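User: Please take a close look at one helix of this model and at what surrounds it. I would like to know how its two sides differ and how the rest of the chain is built around it.

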Amino acid sequence: MTPYCRSLLDQTVATYLSRGVRNLEEVQAALERRLAPLVLEQAGDGVILAIASLAEDRVIGEVSLWLRDVDPRTFEVGFAVLSDVQGRGYAREAVRALLTVTFDHLAAHEVIGIADRRNVASASFMHRLGMRARPGAEETSQRVLFAIDGHGWQTEDHSGRVTTHTQGSKD
Ligand SMILES: CC(C)(COP(=O)(O)OP(=O)(O)OC[C@H]1O[C@@H](n2cnc3c(N)ncnc32)[C@H](O)[C@@H]1OP(=O)(O)O)[C@@H](O)C(=O)NCCC(=O)NCCS
């Protein structure tokens, strides 16, 4: 079993993921879903992409993108990297690239991310990407919704610092 497949069973990485920890059969089904054709036309369509380290020649995580609403076009982003490579900027590089494609080529109005309130790493990660907590139907006592729209994305320098904005500090 590859390190990536093992990661789908990994308690540490899955702690705050909605799917929870998987058994072997669920990992098999999850891998088959990742091989499905890329379609982003109707609400519920999604794609899961691997994050690969060329230096280490292995898959180290994944990002996902789901079309939540067609009008206005709203996407949900998901992300996870293996415990042993967290904190090296791989997740930020991958999600930044995904958000660039989503706003520039998929006509996104807004991209959201949903984090468990205890998931400090995820909340901080999204904040550094320019996403901000806001109320929404997906928000519960356990989950917080982060969002960024096209204008917010264009005004980010994508290192977490805002380059041009008019209404006070975003950080
Ligand atoms: C969230 C996650 C993808 C971040 O991955 P990562 O490799 O640490 O992220 P990066 O190295 O790209 O870090 C980018 C930023 O994330 C934030 N961050 C990452 N880990 C953090 C932590 N433990 N505490 C606080 N902030 C953290 C920091 O703001 C960091 O910016 P900085 O380096 O300028 O301080 C990773 O923790 C993970 O895979 N967690 C398990 C899966 C998960 O919970 N996914 C999110 C579901 S909503």
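Analyst:

**Helix α5 and its surroundings**

In this predicted model, the buried residues of α5 are Ser122, Phe125 and Met126. Seen around the helix axis, they span an arc of only 95°, so they sit on the same side of α5. The general rule behind such a pattern is that an α-helix has 3.6 residues a turn, so residues three or four places apart point the same way. The face of α5 turned away from this buried side carries Val120 and Ser124, both exposed. The cover over the buried residues includes α4, β4 and β6. After the helix comes Gly130, with a positive phi near 100°.

α5 also has a part in the ligand site. The shell around the ligand consists of 21 residues, the closest being Ala91, Arg92, Ala121, Ser124 and Phe125. Two of these have already come up: Phe125 belongs to the buried residues of α5, while Ser124 is on the face turned away from them. Three elements, β3, α4 and α5, supply at least two shell residues each. The largest share comes from α5, which gives six. By residue type, the shell divides into 12 nonpolar, six polar and three charged.

The next part is the core. The largest nonpolar core has 32 residues, and Val77, Val95, Val111 and Phe146 have the most contacts inside it. Two or more of its residues come from each of β2 (58-70), β3 (73-81), α4 (90-105), β4 (110-116), α5 (120-128) and β6 (143-149). Here the main contributor is α4, with six residues. α5 thus appears among the elements of both the core and the ligand shell. In soluble globular proteins, nonpolar side chains tend to be buried together. Val111 shows what one position in the core touches: leaving aside residues up to four places away in sequence, its contacts are Phe75, Val77, Leu99, Thr102, Ala147 and Ile148.

β4 and β6, which help cover α5, belong to an open sheet of six strands. The strand order is β1-β2-β3-β4-β6-β5, and the pairing is mixed. The edges are β1 and β5 (132-133), each of which pairs on one side only. β4 and β6 are antiparallel and share seven bridges; in one of the pairs, Ala115 is matched with Val144 of β6.

Further along the sheet, β1 (residues 46-53) runs antiparallel to β2, joined by eight bridges. β2 in turn runs antiparallel to β3, with nine bridges between them. Gly61 of β2 is a useful point of reference here: Ile51 stands opposite Gly61, and the partner of Gly61 in β3 is Val81.

The turns that link these strands have some backbone details to check. Four residues separate the strands of the β1 and β2 hairpin, where Asp57 takes a positive phi near 55°. Asp57 is not a glycine, and it is exposed, with 7 other C-beta atoms within 10 Å. The hairpin of β2 and β3 has two residues between its strands. Pro72 lies in that loop, and the peptide bond from Asp71 to Pro72 is cis, with omega near -5°.

A further positive phi, near 55°, occurs at Ala107, again a residue other than glycine. Ala107 is in the loop between α4 and β4, the two elements named above as part of the cover over α5. Ala107 itself counts as exposed, with 10 C-beta neighbours inside 10 Å.

For the chain as a whole, the secondary structure comes to six helices and six strands. Their order from the N terminus is α-α-α-β-β-β-α-β-α-β-β-α. Buried residues account for 25% of the 171 residues. Among contacts with a separation of 6 or more, 46% join residues 24 or more positions apart.

To return to the request, one side of α5 holds Ser122, Phe125 and Met126, which are buried, and the face turned away holds the exposed Val120 and Ser124. α4, β4 and β6 are among the elements that cover the buried residues, and α5 gives the most to the ligand shell.

Definitions and conventions
Residues numbered from 1 in each chain as written. Predicted model: local features only at pLDDT ≥ 70, side-chain atom pairs only at ≥ 80, totals over all residues. Core = buried A, V, L, I, M, F, W, Y, C linked by C-beta atoms within 7 Å. Buried ≥ 20, exposed ≤ 12 C-beta atoms within 10 Å, placed from the backbone. Contact = placed C-beta atoms within 7 Å. Near = placed C-beta within 6 Å. Nonpolar A, V, L, I, M, F, W, Y, C, P; charged D, E, K, R; others polar. Pairing = 2+ DSSP bridges. Arc of directions from axis to C-beta.
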